[in-house]
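This report describes selected local features of a protein model, with attention to backbone geometry, side-chain contacts and the surface. The sequence and the structure come before the description.

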Amino acid sequence: MSHYKSNLRDIQFNLFEVLRRQDLLGQPPYDELDEETVRGILGELERQATGPLAESFADADRNPPVFDPATHSVRIPESLRTSYRAFMDAEWYRLSLPAELGGTGAPRSLNWAMAELILGSNPAIWMYASGHTMARVLWDLGTPEQKRFAAQAIEREWGATMVLTEPDAGSDVGAGRTRAIEQQDGTWHIEGVKRFITSAEHDLADNIFHLVLARPEGHGPGTKGLSMFLVPKYLVDEDGTIGERNGVVITNVEHKMGLKASTTCEVTFGADRPAVGTLVGGVHDGIKQMFMVIEDARMMVGTKAIATLSTGYLNALDFARNRVQGADLTQMTDKTAPRVTIIHHPDVRRMLMLQKAYAEGMRALVLYTASIQDAIQLAAAQGERVQADEDAARLNDLLLPVVKGVGSERSYEMLTLALQTLGGSGFLQDYPVEQYIRDAKIDSLYEGTTGIQSLDLFFRKIVRDNGQAFGALLGQIKDFAAAEGGNGRLKAERAALAEAAGHVEAMAGAMAGFLMGSADQPEQVYKVGLNTTRLLMALGDLVIGWLLLTHADIALRKLDEISAGHPDRDFYAGKLSAGRFFAATVLPRLAVERTITEETTLDLMELPEGAF
């Protein structure tokens, strides 16, 4: 049986009952798609995800890729090769590509709905298949020659990487020392070592191209001195014919806690021969260009984390429905009472509902964010630059660290509850949850740790933006909380949401006050740093609570419309319960988070190191 348990019903609920994506379809630029077609695509992809894509998930973990240091090559296990080939042959990746690159130009919301199914089934496949995403960036930014390369890369299914991190610099990208030396023919020679590079070597594609941040000779320190270069594994002729080996090789493949099927590599440029690259777009604008890749990667990481939580929860739910243990709590003293399945036990139900609420609430977060990206995409396709488009871009920027940071942290936390639901069995490889946990831990670490996401949220997405997107988002939440709906049946939940929104707003206000105080007392900025992750997680819980309650509001109306025996009745009842549960048990915690923030002292920062 497949390890992967999908939730296509909830994906479709978000797309069509909440976000009304069908209103975009069947008209430019989405002429080729309608609701029926999209439902069919997702159904077919779900069948592939639960079948051939999922089949290699455990085997590639137990028998991971093998690195040969003598040839600087990697051999991918056959099981994973078969799954990868099934995905590529189906050409699902073309749906998100523009027509000029042989694609359909589907809305971003469909892209991320598809991504959830693949990332929940076998995340390494999506990562190895990222060449089309990198090629799209190169197509948007590149010179005419690089655009031609991008089209060839898509047609020939080449792999690709984003190359930022260096061994000594870590997350401090601006401290990178990899250098670029300009040649008389207009190319550049790249010299240096990069680390933690996903998919930098494998034998699933004939070529792999790297988008590399390096510092041209004479450029200053920090991120502003970096440029982005296209450096292929094999040099390529104008007609796409693969030529000689370039001077870029992997010199190590990391032995990891999880996600073992995905190669994480050390890459050395220019050791034995020149690593020839070309300046992307012919302009020195590296960090801005790379952020186009980084933002997509952060969305992917959040989606991966949430997809893994969803299948983890559904596996735990299946176990709880079938595992017989103990008597009902009302009969616990009766030795002759019949044994019941553990889903009857209150604490198991508490764990399951918390998992359900976060899994469905964070799926809603991903697809809501994707709908904002739809608005940006649509405006670009129509050649518009209007205020609504700018507002959407701000809101998307604000939500990305929430998707990535909160998605990865809460998913990992909830996966431990999935394992707990299985008890001792969850600790065994007989069930997939232990691998889910190992594979998911990386999500809070790469593409910017949670601490980095929280700094980004406060300093860049709130302060630098003058609170515009933050205020607009809180305004939407407060408007929903104040609205009448469901004949007053969500009155208490709306009140809890309004109160929680006030707490998050006050947290941000207190932190802004600390920041202003640092102009005269620099150490006051430490109080900001002590609370950035707290704010990130609080904002995430607030948005999740809001989205769950919007679902509950829709569910109430649906329950009024359908009969008692309707097959969707349990689905909508679950939606209503998840919203109410979250409002009653999670949102009240934000009051405490506000108090902690407002009463922050510098005691921790004044503590001598020896006291730790």
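P29 has its place in the loop between α1 and α2 (35-53), and a cis peptide bond, with omega of about 0 degrees, joins this residue to P28. The model is a predicted one, and the values given here are computed from it.

Most peptide bonds are trans, and most residues other than glycine have a negative phi. Against that background, two further backbone positions can be named. H72, found in the loop between β1 (66-68) and β2 (73-75), has a positive phi near 55 degrees, and with a relative accessible area of 22% this residue is partly exposed. E447 lies in the loop between α12 (433-440) and α13 (450-463), where its phi is near 60 degrees, again a positive value in a residue other than glycine; at 21% relative accessibility, E447 counts as partly exposed.

Turning to side-chain contacts, a search of the whole structure finds 44 salt bridges. Three of them are set out below, with the N to O distance for each.

| Salt bridge | N to O distance |
|---|---|
| R94 and E155 | 3.6 Å |
| R195 and E254 | 3.5 Å |
| K233 and E201 | 2.8 Å |

The salt bridge between R94 and E155 links distant parts of the chain, with R94 in the loop between α4 (78-90) and α5 (108-121), E155 in helix α8 (residues 144-155), and their positions 61 residues apart in sequence. R94 counts as buried at 12% relative accessibility, whereas E155, at 54%, counts as exposed. The salt bridge of R195 with E254 also links distant parts of the chain, 59 residues apart, since R195 is in strand β5 (residues 188-198) and E254 in the loop between β10 (248-253) and β11 (264-269); R195 is partly exposed, with a relative accessible area of 29%. In the salt bridge of K233 with E201, K233 lies in the loop between β7 (227-232) and β8 and E201 in the loop between β5 and β6 (208-216), so the pair ties together parts that are 32 residues apart in sequence. K233 is buried, with a relative accessible area of 9%, and E201 is buried too, with a relative accessible area of 4%. Elsewhere, salt bridges that share partners join D10, E116, K356, E360, R363 and K575 into one network.

Aromatic contacts come next, and the whole structure contains 12 aromatic pairs. One of them is the edge-to-face pair of F13 and Y572, whose ring centres are 6.3 Å apart and whose planes form an angle of 65 degrees. This pair links distant parts of the chain, with F13 in helix α1 (residues 8-18) and Y572 in helix α18 (residues 569-585), 559 residues apart. Both F13 and Y572 are buried, and together with F571 they form one aromatic cluster. F149 and W158 form a tilted pair, at 5.3 Å centre to centre and with 50 degrees between the planes; F149 and W158 are both buried.

Two surface patches complete the description. E145, D237, E238 and D239 gather in a patch of negative charge, in which E238 is found in the loop between β8 (234-236) and β9 (242-245) and, at 62% relative accessibility, counts as exposed. L604, L607 and F612 form a nonpolar patch with about 330 Å² of accessible area together; L607 has its place in the segment after α20 (603-606) and is partly exposed, with a relative accessible area of 36%.

Key:
Residues numbered from 1 in each chain as written. Predicted model: local features only at pLDDT ≥ 70, side-chain atom pairs only at ≥ 80, totals over all residues. Heavy atoms only, no water. Patch = residues over 30% accessible without salt bridge, like charges linked within 9 Å, V, L, I, M, F, W, Y side chains within 5 Å. Areas by Shrake-Rupley, 256 points an atom, 1.4 Å probe, with all protein chains shown as cover. Salt bridge = Lys/Arg side-chain N within 4 Å of Asp/Glu carboxyl O. Lys, Arg positive; Asp, Glu negative; His and termini not counted. Charge placed at Lys NZ, Arg CZ, Asp CG, Glu CD. Helix = DSSP H or I, 4+ residues; strand = E, 2+ residues; numbered from the N terminus. Buried < 20%, exposed > 50% of the residue type's maximum accessible area, 1.4 Å probe, protein only. Phe/Tyr/Trp six-rings, centres within 6.5 Å; stacked < 30°, edge-to-face > 60°.
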